[in-house]
Amino acid sequence: MTVIAAIADNRVIGKDNAMPWHVAEDLGHFKKITSGGVLIMGRKTFESIGCKPLPDRPHVIVSRSFPETAGVDVCRTFEAALDRARSYGKPVFSAGGAEIYRQSIPLANRMVLSRIEGEYDGDTFFPEFDESEWRLASEEERAEFTLRVYERRAEAGRGES
């Protein structure tokens, strides 16, 4: 599983159920990387994209209360969502929010993080993670963000696909 997120310097990922920035190049990068894969996200994240699945990738929504919805799989636990996402036989991407990231990071073998320059006011933060368990595989400066790809160190264990 790959964790994919856009994160400000102060770890903010959202405010009032929306991203506090608009970086078109990062949105295009997200589309390119996740197309053909399966997205796992929480209810609030799904609501923030208009409760409409993004094209070319199944969506698995984790929520105890969200109703069954045409075009998406709704699972009541993260574990059930991960099982459902894996059943597609495609790359699995954890796409937020904070609680989904918190549960995903220990199981992920890769993280694709767009570091948005600056500190933003927000109410949702990307969880802290033990950087010693990860190796920076690549880093690319873009116009409005830095793209960092981390791979789990083999000796760190847990990472699954």
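The following dialogue discusses how to read the fold and the cysteines of a predicted model.

Biologist: Which elements make up the protein, and how do they run from the N terminus on?

Modeller: One first counts helices and strands, then reads their order. In this predicted model, the protein has four helices and ten strands. Their order from the N terminus is β-β-α-β-α-β-β-α-β-α-β-β-β-β.

Biologist: What radius of gyration does the protein have, and what would a compact globule have?

Modeller: The value is read against the one for a compact globule with 161 residues, which would be near 15 Å; the protein has 15 Å, so the two agree. Along the principal axes, the C-alpha atoms fill a box of roughly 40 × 35 × 25 Å. Of the 161 residues, 43% count as buried. Among contacts with a separation of 6 or more, 61% are between residues 24 or more positions apart.

Biologist: What does the protein expose, and how many charged side chains are positive or negative?

Modeller: About 8,200 Å² is exposed, and carbon and sulfur atoms supply 48% of that area. There are 22 positive and 26 negative side chains; the centres of the two sets lie 6 Å apart.

Biologist: How many disulfides are found in the whole structure?

Modeller: The search finds zero disulfides. Cys-51 is in none, the nearest cysteine sulfur being that of Cys-75, 16 Å away.

Biologist: Why does the sulfur of Cys-75 form no bond with that of Cys-51?

Modeller: A disulfide requires two cysteine sulfur atoms within 2.5 Å. The sulfur of Cys-75 is 16 Å from the closest one, in Cys-51, and is therefore too far for a bond.

Biologist: Are Cys-51 and Cys-75 buried or exposed?

Modeller: Cys-51 is partly exposed, with a relative accessible area of 36%, whereas Cys-75 is buried, at 11%.

Note on methods. Residues numbered from 1 in each chain as written. Predicted model: local features only at pLDDT ≥ 70, side-chain atom pairs only at ≥ 80, totals over all residues. Heavy atoms only, no water. Helix = DSSP H or I, 4+ residues; strand = E, 2+ residues; numbered from the N terminus. Rg over C-alpha atoms; globule rule 2.2 N^0.38 Å. Buried < 20%, exposed > 50% of the residue type's maximum accessible area, 1.4 Å probe, protein only. Contact = heavy atoms within 4.5 Å. Areas by Shrake-Rupley, 256 points an atom, 1.4 Å probe, with all protein chains shown as cover. Lys, Arg positive; Asp, Glu negative; His and termini not counted. Charge placed at Lys NZ, Arg CZ, Asp CG, Glu CD.
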